[in-house]
Amino acid sequence: IGVTLTVGAAQPSFTAEPASLQFQTATTASQTLMLRSTGTALSFQASAVSPGNWLTVAPVLGTTPAQLTVTVNPQNLQPGTYQGTLQVPSSPAANS
């Protein structure tokens, strides 16, 4: 009876605290979040994706752990609810 066991190294992954942000504002506002990684520090390049470019993130480049500032600018937006996304890719991260 043959038995094969292959053990690979655990891939690092990102965690963000808080996991989501909500804004209710008619003026520019900012909130911060902490970006961490499991296992090892990860380099990242963050970007904000929103129709009309009302969402921004800074810093764009960094290494975990890092504090990110997320800013919304509702100028030129009609009243309503808008959705955006922060993208934080890193090639070794399992969940980037």
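The questions and answers below concern a predicted model.

Q: Which strand supplies the largest share of the largest nonpolar core?
A: The largest nonpolar core has 14 residues, and F14, L35, F44, L68 and V88 are those with the most contacts inside it. Strand 2 (29-37), strand 5 (55-58) and strand 7 (66-72) each supply at least two residues of this core. The largest share, four residues, comes from strand 7.

Q: Which strand gives the most residues to the lining of the largest pocket?
A: The largest pocket holds about 870 Å³ of space. Its lining takes two or more residues from each of strand 2, strand 7 and strand 8 (85-87). With three residues, the strand that gives the most is strand 7.

Q: How many charged residues are in the lining of the largest pocket?
A: The pocket is lined by 29 residues, with L21, Q22, F23, W54 and Y82 nearest its centre. By class, 19 of the lining residues are nonpolar and 10 are polar, and the number of charged residues is none.

Q: Which residue is joined to P65 by a cis peptide bond?
A: Most peptide bonds are trans. P65 lies in the loop between strand 6 (61-63) and strand 7. The bond before P65 is cis, with omega about 0 degrees, and the residue it joins to P65 is T64.

Q: Is N76 buried or exposed?
A: N76 lies in the loop between strand 7 and strand 8, and its phi is positive, near 70 degrees. Exposed means over 50% relative accessible area. The relative accessibility of N76 is 74%, so N76 counts as exposed.

Conventions
Residues numbered from 1 in each chain as written. Predicted model: local features only at pLDDT ≥ 70, side-chain atom pairs only at ≥ 80, totals over all residues. Heavy atoms only, no water. Core = buried A, V, L, I, M, F, W, Y, C linked by side-chain atoms within 4.5 Å. Buried < 20%, exposed > 50% of the residue type's maximum accessible area, 1.4 Å probe, protein only. 1 Å grid on protein atoms, 1.4 Å probe; cavity = no way out; pocket = protein on both sides within 12 Å on 5 of 7 lines; lining within 4 Å. Points joined across faces, edges and corners; volume = space filled by probe spheres on them. Nonpolar A, V, L, I, M, F, W, Y, C, P; charged D, E, K, R; others polar.
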